[in-house]
Amino acid sequence: MTTLEGRTPPDLSGRNLSLRRAFANRTATILIALCVLIAALPLALVAYQVISKGASAWSLAWFIDEIPRNYRTEGPGMGPAIVGTLAITGMASLLSIPVGVLGAVYLNEYGKNKPLARFIRTMSDVMTGVPSIMMGLFIYVGYVTVIDDRTGFAGALALACLMLPIVIRSTEEMLRLVPDELRQASSGLGARKWRTVMGVVLPAASSGITSGSLLAVARAAGETAPIIVTVGLTYVYKPDLFDGANTTLAAQIFRNASQPFAASQERAWGAALTLIAIVFVFTILSRIIAARFAIDKR
């Protein structure tokens, strides 16, 4: 058997490159770093702008007080919008994520290239590009006009329709990355297909599924048009999604930012910072949960 004992390991540091290759390597490194800087600069500017203008609105009263009815009124709070955002987005996630994950399981593990599976993939791609206002109008016509009332649940239905194709497509891509050897090993131990999917495939792809679901949640939490169409507006706490109009942080950002008054502008910036903070916190928590249940951590 050939061994490398006694031989000098190859130099991979790049010090022995020719002048032309070293110049090309350094140029490529600088261009890549410059592209990263260009991509990160707008994000940094947005974060700085939101934090610098929104932090001044934060206080204990901001998180618990009701929303002022007059846009000219100075001061907090944004409690009803925070509760509405959590409730409506949570209900939308509860409706869309399980269905989306199971739909992706069917597409990748059972349907594969069958006509029904191809049709579902095509419709998912189409729905991903549909403007959010179209989903809002669809729920308005199909649900709001039927019950003759705008409710938080109607907004959750609209957001669920927006989240569903994102969850399906991202989950399917993650399931494709799971090695077939894991499925074959599970089958070789006598596990049935559903048991292999639930106990091996999904845990192996849990991190990617979580990331895809978070993308869907982040989009849903920031949507304004379907919320305005289906949810209406309120200034008081409405934790019951079936009890009349509701509101979210995104809707309050739109309504306050469109006003010329300094007080409403400050509330818009504060609501934007609050929305970013909520998405950030849930991102961290979901990462912790995904790492806890990932198959490579067992």
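**Why the labels fit: a predicted model**

Visitor: Why is Cys35 called exposed?
Guide: In this predicted model, Cys35 has a relative accessible area of 52%. Exposed means over 50%, so Cys35 earns the label.

Visitor: And what makes Cys161 buried?
Guide: Cys161 comes out at 19% relative accessible area. The buried label needs a value under 20%, so Cys161 qualifies.

Visitor: How many disulfides turn up in the whole structure?
Guide: Zero, after searching all of it. To count, two cysteine sulfur atoms would have to sit within 2.5 Å.

Visitor: Why does Thr89 count as buried?
Guide: Thr89 has 10% relative accessibility, and the bar is under 20%, so buried it is. Thr89 sits in helix 3, residues 79–111.

Visitor: Which residues is Thr89 in contact with, leaving aside its neighbours within four places in sequence?
Guide: Those are Gly84, Val217 and Ala221. In contact here means heavy atoms within 4.5 Å.

Visitor: What domains does the chain have?
Guide: The domain assignment gives domain 1 (20–55) and domain 2 (78–297). Six residues from domain 1 and five residues from domain 2 make the contact.

Visitor: What area is buried between domain 1 and domain 2?
Guide: About 490 Å², with carbon and sulfur atoms giving 85% of that. On the domain 1 side, Val50, Lys53 and Gly54 supply 76% of the area buried against domain 2, more than any other three residues.

Visitor: How many salt bridges are counted between domain 1 and domain 2?
Guide: Zero. The rule also finds zero residue pairs in polar contact across that interface, with both residues at pLDDT 80 or more.

Key: Residues are numbered from 1 along each chain as its sequence is written. This is a predicted model: local features need pLDDT of at least 70, side-chain atom pairs count only at pLDDT 80 or more; totals for chains, interfaces and linings use all residues. Side-chain values use heavy atoms; hydrogens and water are left out. Helices (H or I, at least four residues) and strands (E, at least two) are DSSP runs, numbered from the N terminus. Buried means under 20% relative accessible area, exposed over 50%, partly exposed in between (1.4 Å probe, protein chains only). Domain bounds come from an automatic or database domain assignment. Buried area is the accessible area (1.4 Å probe) that two parts lose on being put together, summed over both. A salt bridge is a side-chain nitrogen of Lys or Arg within 4 Å of a carboxyl oxygen of Asp or Glu. A polar contact is a pair of N or O atoms within 3.5 Å; within protein, one must be able to donate a hydrogen and the other to accept it, and residues adjacent in sequence count only if both atoms are side-chain atoms.
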